[in-house]
Amino acid sequence: MIDISERAQAHFQRLVAQQGEDGLGIRLRVVDAGTPAAQCELEFCAAGELTGDEWTIECEGFNLYVDGESMRWLDPATIDYEMTPTGSQLNIRAPRIKGEAPGEGAGLVERVRYVLESEIAPQIASHGGRISLVEVTAEGVVVLRFGGGCHGCGMVDVTLKNGVEKTLRERIPEVTEVRDVTDHETGEKPYFERKAG
């Protein structure tokens, strides 16, 4: 169930009214559902743009159309328009949107992938880097490849040992080692330049 506060409804009603188009509503959908990158997307939507699989929530002065595929990620969810010391903002809280941590019976690869995507990748992305899982061996060795700002970065060894490997081994005891198979000599825009020689 999606709970939309009166403040949020009033905010949406103002936005719809500003568009000056009769019958205009708001469409809500989730992109990258079930992943750490999941987020909600809102857009104006005329009745003729509906695909027919939307859930319609009738609000004061407009309709909120929720994408059918997104609904399972948004149950439950709350939408509020909150006043803060620096202004106001629309907040959508949907606890299930990013998926759930693998359960007890999950395999090693699934658990490694979850920690990489939910904890490690966002930190690396803050430096313009990317990280991808190549394989997990039977001995518990996690093999990774770096991209973006981490490709050719002079600090990648520190990131690998003190960040990635430390986090993976703390969260998943079966991980014995983490290896990087990236050819760092070919990096074009590293976050930190490598020292020559």
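This passage describes the domains, the sheet, the nonpolar cores, the annotated sites and the chain ends of one protein chain. The model is a predicted one.

The domain assignment divides the protein chain into domain 1, residues 2-93, and domain 2, residues 108-180. Taken over C-alpha atoms, the centres of domain 1 and domain 2 are separated by 36 Å. Two UniProt annotations, both from an unreviewed entry, can be set beside this division. The annotation "domain: Core" covers residues 2-99. Within residues 2-99, strand accounts for 43% of the chain and helix for 14%, and the C-alpha atoms at the two ends of this stretch lie 17 Å apart. The annotation "domain: NIF system FeS cluster assembly NifU C-terminal" is placed by UniProt at residues 112-178. In residues 112-178 the chain is 45% helix and 27% strand, and the end C-alpha atoms of that stretch are 11 Å apart.

An open sheet is formed by four strands, in the order S3-S2-S5-S4, with mixed pairing. Strand S3 (39-45) and strand S4 (55-59) occupy the edges of the sheet. Each of these two strands has a single partner strand, so one side of each is left without a neighbour in the sheet. From one strand to the next, the twist averages 25°.

The pairings can be followed across the sheet. Strands S2 and S3 run antiparallel and are joined by seven bridges. Within this pairing, Ile26 has Phe44 in S3 as its bridge partner. Strands S2 and S5, by contrast, run parallel and are joined by three bridges. Here Arg27 stands opposite Tyr65 in S5. At the other edge, S4 pairs with strand S5 (residues 62-66) in the antiparallel sense, over five bridges. Leu64 in S5 is the bridge partner of Ile57. Strand S2 is mostly covered, as six of its seven residues are buried.

The largest nonpolar core contains 23 residues. Those with the most contacts inside this core are Ile2, Leu64, Leu74 and Ile79. At least two residues of the core are supplied by each of strand S1 (2-4), helix H1 (6-19), strand S2 (25-31), S5 and strand S6 (77-84). Apart from this core lies another, of 19 residues, which includes Ile124, Val136, Leu160 and Val175.

Leu64 links the description of the sheet with that of the core. This residue is the bridge partner of Ile57, and Leu64 is also listed with the residues that have the most contacts inside the largest core. With residues up to four places away in sequence not counted, Leu64 touches Ile4, Ile26, Leu28, Trp55, Thr56, Ile57, Cys59 and Ile79.

A further UniProt feature, "binding site", again from an unreviewed entry, is placed at Cys150 and Cys153. Cys150 is situated in the loop between strand S9 (141-148) and helix H3 (156-171). Cys153 is likewise in the loop between S9 and H3. The relative accessible area of Cys150 is 9%, and this residue is therefore buried, the limit for a buried residue being under 20%. Cys153, with a relative accessible area of 6%, is buried as well. When residues up to four places away in sequence are not counted, Cys150 touches Ile124, Gly129, Val156 and His184. One of these contacts, Ile124, is among the residues of the core of 19 residues.

The two ends of the chain are considered last. Met1 lies in the segment before S1. Its relative accessible area is 64%, and Met1 is therefore exposed, since a residue counts as exposed when the value is over 50%. Leaving aside neighbours within four places in sequence, Met1 is in contact with Leu74, Asp75, Pro76 and Ala77. Of these, Leu74 is one of the residues with the most contacts inside the largest core. The C-alpha atoms of Met1 and Ala37 are separated by 22 Å, and the two residues are 36 residues apart along the chain.

At the other end, Glu185 lies in the segment after strand S10 (177-180). Glu185 has a relative accessibility of 67% and counts as exposed. Glu185 and His151 are 34 residues apart along the chain, and their C-alpha atoms are separated by 8.3 Å.

Notes:
Residues are numbered from 1 along each chain as its sequence is written. This is a predicted model: local features need pLDDT of at least 70, side-chain atom pairs count only at pLDDT 80 or more; totals for chains, interfaces and linings use all residues. Side-chain values use heavy atoms; hydrogens and water are left out. Domain bounds come from an automatic or database domain assignment. UniProt positions are given in the numbering used here, feature names are shortened, and annotations may be inferred rather than shown by experiment. Two strands pair if DSSP finds at least two bridges between them. Axes are lines fitted to C-alpha atoms, for helices over the stretch in contact, and angles run from 0 to 180 degrees between N-to-C directions. A nonpolar core is a set of buried Ala, Val, Leu, Ile, Met, Phe, Trp, Tyr and Cys residues joined through side-chain atoms within 4.5 Å. Buried means under 20% relative accessible area, exposed over 50%, partly exposed in between (1.4 Å probe, protein chains only). Contact means heavy atoms within 4.5 Å.
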